[in-house]
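The following paragraphs offer a guided reading of one structure for a reader who has not met it before. The sequence and the model are shown first.

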Amino acid sequence: MQAITESFTPVSKDIFIRGADIVFMTDDGAKFHVHSYFFTRESIYWQQKLTGHNEPHHPLSKHYTANDPYIIQDVDSHDFRKFLRVFYNTRYGDYSFFSNLDWVDILSIAHKWEFPHVKTLSKLYLGKMGYGVVERTCGVHCTRIVDDEMIDRSYPRQVYLISCGHEI
């Protein structure tokens, strides 16, 4: 089992990918010029947000640019960079630079934004590092919950995804 290690730290504040067709901006002002294709292909959440449809391959309903980016308020730039690195990896299939903490952050975003394949990938790598993933539903209005009754502390190498039962 891999011990907790330092998190992946990219160098650049902004990310520019050639041929990008969307610009995201996080709360700290970092901009990410990326391809919407990964978002609309992999996530029903982003299909609805960016195209207004529930299936991939529809055009964006709005053009998001550096002067008018899509604002991401629920994920910080450091975690968003890690998430993007799943798609924009310099070596196909090599995620050895991610620590268990990075995979937890990626899993959290994949869960929140409904990226089932990234979620599966995160669980796979966490499993290789000796961690299990437990999903629970809280059934109340919340965005994030830490409730000791829902978490079995006898398994310290578990990652818990707590889902809200209702939309806020």
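The model is predicted, and the account begins with a single residue pair in its sheet. V23 stands opposite H33, a residue of strand β3. The two strands concerned are β2, residues 22-26, and β3, which pair in the antiparallel sense over four bridges. Another pair in this ladder is F24 with its bridge partner F32 in β3. Between the strands of this hairpin there are four residues, and G29 takes a positive phi near 90 degrees there.

Strand β3 has a further partner. Strand β1, residues 15-16, runs parallel to β3, residues 31-34, and two bridges join them. The residues of β1 can be matched one by one: I15 has F32 as its bridge partner in β3, while F16 stands opposite H33. H33 thus appears opposite V23 and also opposite F16. In the same manner, F32 is the bridge partner of F24 and of I15.

Strand β2 likewise has a second partner, β4, with which β2 pairs in the parallel sense over three bridges. Here T26 stands opposite I72 of β4. In general, the strands of a sheet pair through backbone hydrogen bonds, in either a parallel or an antiparallel arrangement.

These pairings can now be assembled. The four strands form an open sheet in the order β1-β3-β2-β4, and the pairing is mixed. Strands β1 and β4, the latter covering residues 70-72, each have a single partner strand and stand at the edges, so one side of each is left without a neighbour in the sheet. Helix α3, residues 77-87, packs on this sheet and touches β1, β2, β3 and β4. The direction of α3 makes about 20 degrees with that of β3. How much of β2 is covered? Four of the five residues of β2 are buried, and the strand is mostly covered.

The description next turns to a residue of another helix. V118 is found in helix α5, which comprises residues 116-128. Is V118 buried or exposed? Its relative accessibility is 4%, which lies under the 20% limit, and V118 therefore counts as buried. Apart from neighbours within four places in sequence, V118 is in contact with F83, V86, F87, I106 and A110. Of these, I106 is twelve residues from V118 in sequence, and the C-alpha atoms of the two are 7.9 Å apart in space.

Aromatic residues form a further theme. The structure holds 26 aromatic pairs. One of them joins Y37 and F38 in an edge-to-face arrangement, with 5.9 Å from centre to centre and 65 degrees between the planes. The two residues can be described by their accessibility: Y37, at 42%, counts as partly exposed, whereas F38 is buried, with a relative accessible area of 18%. A second pair, formed by F87 and F115, is tilted, with 6.0 Å between the centres and 50 degrees between the planes. This pair links distant parts of the chain, since F87 lies in helix α3 and F115 in the loop between α4 (100-112) and α5, 28 residues apart. Both F87 and F115 are buried.

Finally, some aromatic rings have a charged group over them. R85 lies over the face of F97, 4.1 Å from the ring centre. The charged end of K128 sits over the ring of Y125, at 4.8 Å from its centre.

Key: Residues numbered from 1 in each chain as written. Predicted model: local features only at pLDDT ≥ 70, side-chain atom pairs only at ≥ 80, totals over all residues. Heavy atoms only, no water. Pairing = 2+ DSSP bridges. Contact = heavy atoms within 4.5 Å. Axes fitted to C-alpha atoms, helices over the stretch in contact; angles between N-to-C directions. Buried < 20%, exposed > 50% of the residue type's maximum accessible area, 1.4 Å probe, protein only. Phe/Tyr/Trp six-rings, centres within 6.5 Å; stacked < 30°, edge-to-face > 60°. Lys NZ or Arg CZ within 6 Å of the ring centre and 35° of its normal.
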